[in-house]
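Please look through the structure below before reading on. The text then goes from a single residue to a helix and on to the whole chain.

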Amino acid sequence: MIATRPGAATPTRYYPSTTDTFDGDLDYIAIEHAMNGETVTLTMAERIETARQLVDRGFTLTDAGRRVRADRNTIVVWQNNGWAPPSTSPDPEPINIGNAQHGRSGYTKGCRCRTCKDGAAAAKRAAKQRGAAA
């Protein structure tokens, strides 16, 4: 026999799906356990889906974050991103631009590596500051 405190009600149990147990990279059983506050290891996509379903059910961002072990700001970023998992594609490899130096003045000969992108942003900021100073 399970004893409960008088007046204590059993907590509401949340279910993410009534028919599916798995969809691509989402394990709905793991999501169900996380939604109900049970300890479970989730992938990033499962954490985002769990937070989305909790917020849709009226949980605050802070409470949803506690269930998926993330802070409120992370939940806000996920929500502003349309609940889409972040891209895991690596930065493109730098292209061969000969003897030129990557990142010195922006997109050097069409290169899209991180160094050249950051250089383009820095060059754009510098030009904007020069225009504002003039």
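Two residues are in contact when heavy atoms of theirs lie within 4.5 Å. With that in hand, take N36 in this predicted model. N36 sits in the loop between helix 1 and helix 2. Neighbours within four places in sequence are set aside, and N36 then has contacts with T12, R13, Y14 and R67. Is N36 buried or exposed? Its relative accessible area is 17%, and buried means under 20%, so N36 counts as buried.

After this loop comes helix 2, which covers residues 44–56. Helix 2 has 13 residues, and from its first C-alpha to its last it reaches 18 Å. That is close to the 18 Å expected at 1.5 Å a residue.

How many residues of helix 2 are buried? The count is 10 of the 13, so the helix is largely enclosed by the rest of the structure. The buried residues are A45, E46, R47, I48, E49, T50, A51, Q53, L54 and V55. What covers these buried residues? The cover includes strand 2 (26–27) and helix 1 (28–35), and also helix 3 (61–68) and helix 4 (72–80). Just after helix 2, G58 takes a positive phi of about 100°.

One residue of helix 2 can serve as an example: I48. Its relative accessibility is 1%, so I48 counts as buried. Which residues does I48 touch, not counting those up to four places away in sequence? They are W78, W83, A84, P85 and P86. For one of these contacts, the separation can be given in two ways. I48 and P86 are 38 residues apart in sequence, while in space their C-alpha atoms are 9.8 Å apart.

Now step back to the whole protein. Its secondary structure comes to five helices and two strands. Read from the N terminus on, the order of the elements is β-β-α-α-α-α-α, with the two strands ahead of the five helices.

The protein has 134 residues, and 29% of them count as buried. The contacts can be viewed by distance along the chain as well. Among contacts between residues at least 6 apart in sequence, 24% join residues at least 24 apart. The pair I48 and P86, at 38 residues apart, can be set beside that figure. As for the surface, the protein exposes about 9,500 Å², and carbon and sulfur atoms supply 50% of this area.

Technical notes: Residues numbered from 1 in each chain as written. Predicted model: local features only at pLDDT ≥ 70, side-chain atom pairs only at ≥ 80, totals over all residues. Heavy atoms only, no water. Helix = DSSP H or I, 4+ residues; strand = E, 2+ residues; numbered from the N terminus. Expected span 1.5 Å × (residues − 1). Buried < 20%, exposed > 50% of the residue type's maximum accessible area, 1.4 Å probe, protein only. Areas by Shrake-Rupley, 256 points an atom, 1.4 Å probe, with all protein chains shown as cover.
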